[in-house]
Amino acid sequence: MSKQQPTFLYDKTFIYHLNSANRIDGTNSDFNIKVDLTGTGYSITDFDSVCLLSASIPKSYYAIQDLQNSFTFREKNTSHIIIIPPGTYSATDFSTTVIGLINNTTTDGNTYTMFIDFKTAKFTISSSNSSDLFHINPGNYLYNRFGLNKNQETSSVDGLGILPSINVIDMSPESDLFIRSDIISGGADANEDIFYDVQASNVPPYGRIQTIDTDPQQHSRVLNNTQDTYRFHITDEFGNPINLNGINWTSTILFFKKSSIPQKIKDFISYIVNLF
């Protein structure tokens with residue numbers, strides 16, 4: 001933590017270095033942390049605005065996360081909920097894993113195969129009995145992996161015993177992250193707590209996502225200065241939690257009090273203009 005000299009736009013500024021490892025409770029992915037200004041000469045009520053200057057987030061989360069890793073396989077009138085082990089899979093590894101789980105689960109005596117067409121980036125699941133229909137619902141989390149529609153059951157082609165992907169598959173870990181916090185005034189409300197949108201598409205799995213805000217004034221938010229302990233958590237664009245699997249992340253946050261000088265200058269100019 002360090003004091004900064006005020007600029008033309010700010011009456012007071014203070015830079016805070018956040019580290020999820022210094023949390024009060026929670027995990028590196030979802031935690032509470034106290035902004036301790038002891039010895040700085042400031043209190044949280046000295047500021048009315050906040051923005052994120054930079055962040056360093058590990059891409060240690062999996063493409064398929066725990067609690068977001070089940071799909072429904074149905075054959076005739078029997079439905080099976082199948083859980084895929086968390087991890088980041090290639091298309092080949094995913095198909096091998098899924099078809100092994102399906103064949104270990106089926107109760108109809110059929111054998112299933114699954115292959116990826118790399119020209120189209122789509123899967124095809126086949127049954128040894130083409131006369132028996134089977135169905136897959138990927139739920140809310142695995143639809144991109146299967147190339148199917150979200151939370152919608154898709155049936156095999158009658159008489160062919162195949163179930164092809166509808167859409168191109170996506171095996172990549174989440175590329176659009178949202179840092180959320182009640183450090184923003186009103187940020188305890190749903191969809192009002194987005195502190196910063198982090199793009200991670202160019203970072204490989206297990207790399208480090210580095211982001212710098214090039215226009216912090218534009219992205220500043222009204223500070224919740226009624227408290228000094230805040231919750232930070234990272235989600236995807238749908239609000240689903242991102243699990244960093246125990247690796248900490250850091251960021252640099254600017255607290256500031258907006259200066260009244262620009263408005264006073266405008267008022268003075270207006271006054272002069274009105275004299276003539």
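A pocket is an open set of grid points with protein on both sides within 12 Å along at least five of seven lines, and in this predicted model the second largest pocket holds about 150 Å³ of space. The briefing below takes the pockets and the cavity before turning to the two open sheets, a salt bridge and a patch on the surface.

**Pockets**

- The second largest pocket is lined by Thr-27, Ser-29, Asp-30, Gln-65, Asp-66, Leu-67, Gln-68, Ile-234, Pro-241, Ile-242 and Asn-243, and by class this lining divides into four nonpolar, five polar and two charged residues.
- The largest pocket has a volume of about 320 Å³, and 21 residues line it, with Tyr-141, Asn-144, Arg-145, Glu-174 and Asp-236 lying nearest its centre.
- In the lining of the largest pocket, nine residues are nonpolar, seven are polar and five are charged.

**Cavity**

- Rolling a probe the size of a water molecule over the atoms shows where empty space is left.
- When the whole structure is searched, one cavity of 30 Å³ or more is found, and the space in the largest cavity comes to about 30 Å³.
- Phe-123, Ile-125, Phe-146, Leu-148, Leu-163, Pro-164 and Ser-165 make up the lining of the largest cavity, to which β9 (122-127) and β12 (162-164) are the elements that give two or more residues.
- Sorted by class, the residues lining the largest cavity are six nonpolar and one polar, with no charged residue among them.

**Sheets**

- Strands of a sheet pair through backbone hydrogen bonds, either parallel or antiparallel.
- One open sheet is formed by five strands, which follow the order β3-β4-β17-β13-β14 with antiparallel pairing, and its edge strands are β3 (25-26) and β14 (194-199), each of which pairs on one side only.
- Within this five-strand sheet, β3 is joined to strand β4 (residues 30-34) by two bridges, the two strands running antiparallel, and Gly-26 has Phe-31 in β4 as its bridge partner.
- Another open sheet is formed by four strands in the order β7-β6-β10-β11, and here too the pairing is antiparallel.
- At the edges of the four-strand sheet stand β7 (78-83) and β11 (154-155), each of which has a single partner strand, so one side of each is left without a neighbour in the sheet.
- Strand β10 (residues 134-137) pairs with β11 over two bridges in the antiparallel sense, and Ile-136 stands opposite Thr-154 in β11.

**Salt bridges**

- Across the whole structure, a search finds five salt bridges, and one of them is formed by the side chains of Asp-46 and Lys-12, which meet at 3.6 Å from N to O.
- Because Asp-46 lies in the loop between β4 and β5 (49-58) while Lys-12 lies in strand β2 (residues 10-19), this pair ties together parts that are 34 residues apart in sequence.

**Surface patch**

- On the surface, Tyr-271, Ile-272 and Leu-275 form a nonpolar patch that together has about 290 Å² of accessible area.
- Of these patch residues, Tyr-271 is found in helix α3, which covers residues 261-275.

Technical notes:
Residues numbered from 1 in each chain as written. Predicted model: local features only at pLDDT ≥ 70, side-chain atom pairs only at ≥ 80, totals over all residues. Heavy atoms only, no water. Patch = residues over 30% accessible without salt bridge, like charges linked within 9 Å, V, L, I, M, F, W, Y side chains within 5 Å. Areas by Shrake-Rupley, 256 points an atom, 1.4 Å probe, with all protein chains shown as cover. Salt bridge = Lys/Arg side-chain N within 4 Å of Asp/Glu carboxyl O. 1 Å grid on protein atoms, 1.4 Å probe; cavity = no way out; pocket = protein on both sides within 12 Å on 5 of 7 lines; lining within 4 Å. Points joined across faces, edges and corners; volume = space filled by probe spheres on them. Nonpolar A, V, L, I, M, F, W, Y, C, P; charged D, E, K, R; others polar. Pairing = 2+ DSSP bridges.
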